[in-house]
Amino acid sequence: MNRRRFHPRWFRRRTPIFWWLEKGVYVHFIVRELTSLGVAYAALLLVVQVGVLGAGDAAHARFTALLASPWAVAWHALLLATLVFHTLTWLHLAPKALVVKLGGRRVPNAAILAGHYLGWLAASALVVLVLVRS
Amino acid sequence: MGRPTEPFFWTLFSAGGMLAALVLPAVCFVLWIAAPLGWLATPDRAGWLALLASPLARFTLLALVALALFHWAHRFRYTLYDGLQLHHLYGLIATVCYGGATAVTLVAAYLLLRLG
């Protein structure tokens, strides 16, 4: 059969791999998507810490010392920046995704955003309350 | 998309994204920056074990880990498709992302149960 041979070629322009470097908004989009790597890393590190916790006193002391090395702290400062970028971009999507009506009127976007920021503040306070010992 | 599993994974992505947005910056700051630098005091090993003795604490931690991983899996999958133009590897990328998230969640569940 010659059908395959004579099939017309699809006309498709190839998209270059680094298409997203062309514009600021594209870079913003890709960086936002890549914050998911920071989220996954944080989850993995929590799992590792649970493992270390179960592995005994010596292992726990060694890992605690490793976390206190300047490289680890610098690396996790970068992680914090990534996670905060995730939070800001995520919370700013909320007013676009949510239409809240109250008494037949649409709640303004700024109010929805403010509510989410308050939620972030409350959740952060709860985390500090649970994890920090005086 | 017309794929029946899509809303399911989207829900996990969305829940994980919200949970990660609300708690992970504080977790990262306290556990991996402030505590190692001595700015704040966190529990010692016995204190962590006591905290994680409650089933609620273990479940909360497992839920956070699982949802954060499924958030990553979903978002990173589409970043690879669109960012790197890998649409032809659809099945492989989906398997690696969701499979990886599932595997790490199972490991986390095992490690939490092992704490005794």
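## Overall dimensions

A compact globule of 116 residues would have a radius of gyration near 13 Å, whereas chain B has 17 Å. Along the principal axes, the C-alpha atoms of chain B fill a box of roughly 50 × 30 × 20 Å. These values, like those that follow, come from a predicted model.

For chain A, a compact globule of 134 residues would have a radius of gyration near 14 Å, but the chain has 23 Å. The C-alpha trace of chain A spans about 75 × 55 × 30 Å along its principal axes.

## Secondary structure of the two chains

Chain A contains four helices and two strands. Read along the sequence, the elements of chain A follow the pattern α-α-α-β-β-α. Chain B has four helices and zero strands, and from the N terminus on its elements run α-α-α-α.

The chains may also be described by burial and by the sequence separation of their contacts. In chain A, 16% of the 134 residues count as buried. Among contacts in chain A between residues at least 6 apart in sequence, 41% join residues at least 24 apart. In chain B, 34% of the 116 residues count as buried, and among contacts between residues at least 6 apart in sequence, 70% join residues at least 24 apart.

## Two helices in detail

Helix α3 of chain A has 28 residues, which at 1.5 Å a residue should span 40 Å. The end C-alpha atoms of α3(A) are 40 Å apart, so the expected and computed values agree. The buried residues of α3(A) are A:His76, A:Leu79, A:Leu80, A:Thr82, A:Leu83, A:His86, A:Thr87 and A:Trp90. What covers these buried residues includes α1 and α4 of chain A, together with α1 (6-37) of chain B.

Helix α3 of chain B has 29 residues and reaches 41 Å from its first C-alpha to its last, close to the 42 Å expected at 1.5 Å a residue. Just after α3(B), B:Gln85 takes a positive phi of about 55°.

## Contact between the chains

In this model, 45 residues of chain A are in contact with 45 residues of chain B. The elements that give two or more residues to the side of chain A that touches chain B are α1 (24-54), α2 (57-67), α3 (70-97) and α4 (109-131) of chain A. Helix α1(A) gives the most to this side, with 16 residues. By class, the side of chain A that touches chain B has 31 nonpolar, eleven polar and three charged residues.

## The nonpolar core

The largest nonpolar core has 42 residues. Within this core, the residues with the most contacts are A:Ala42, B:Cys28, B:Ala68 and B:Leu69. The elements that give two or more residues to the core are α1, α3 and α4 of chain A, together with α1, α3 (55-83) and α4 (90-114) of chain B. Helix α1(B) gives the most to the core, with 13 residues.

The contacts of A:Ala42 offer an example. When residues up to four places away in sequence are not counted, A:Ala42 touches A:Leu79, A:Leu83, B:Leu24, B:Val27, B:Cys28 and B:Ala68. Two of these partners, A:Leu79 and A:Leu83, are listed among the buried residues of α3(A).

## Two residues of helix α1(A)

A:Ala43 is placed in helix α1 of chain A. A residue is buried if 20 or more other C-beta atoms lie within 10 Å of its own; A:Ala43 has 26 C-beta neighbours inside 10 Å and therefore counts as buried. Leaving aside neighbours within four places in sequence, A:Ala43 is in contact with B:Val65, B:Ala68 and B:Leu69. A:Ala43 and A:His28 are 15 residues apart in sequence and 23 Å apart in space, C-alpha to C-alpha.

A:Leu53 also has its place in helix α1 of chain A. With 19 other C-beta atoms within 10 Å, A:Leu53 is partly exposed, because a residue in this class has fewer than the 20 that define a buried residue, but over 12. Not counting residues up to four places away in sequence, A:Leu53 touches A:His60, B:Arg45, B:Trp48, B:Leu49 and B:Leu115. The C-alpha atoms of A:Leu53 and A:Phe63, ten residues apart along the chain, are separated by 9.4 Å.

Note on methods: Residues numbered from 1 in each chain as written. Chains lettered and ligands numbered in written order. Predicted model: local features only at pLDDT ≥ 70, side-chain atom pairs only at ≥ 80, totals over all residues. Contact = placed C-beta atoms within 7 Å. Nonpolar A, V, L, I, M, F, W, Y, C, P; charged D, E, K, R; others polar. Expected span 1.5 Å × (residues − 1). Core = buried A, V, L, I, M, F, W, Y, C linked by C-beta atoms within 7 Å. Rg over C-alpha atoms; globule rule 2.2 N^0.38 Å.
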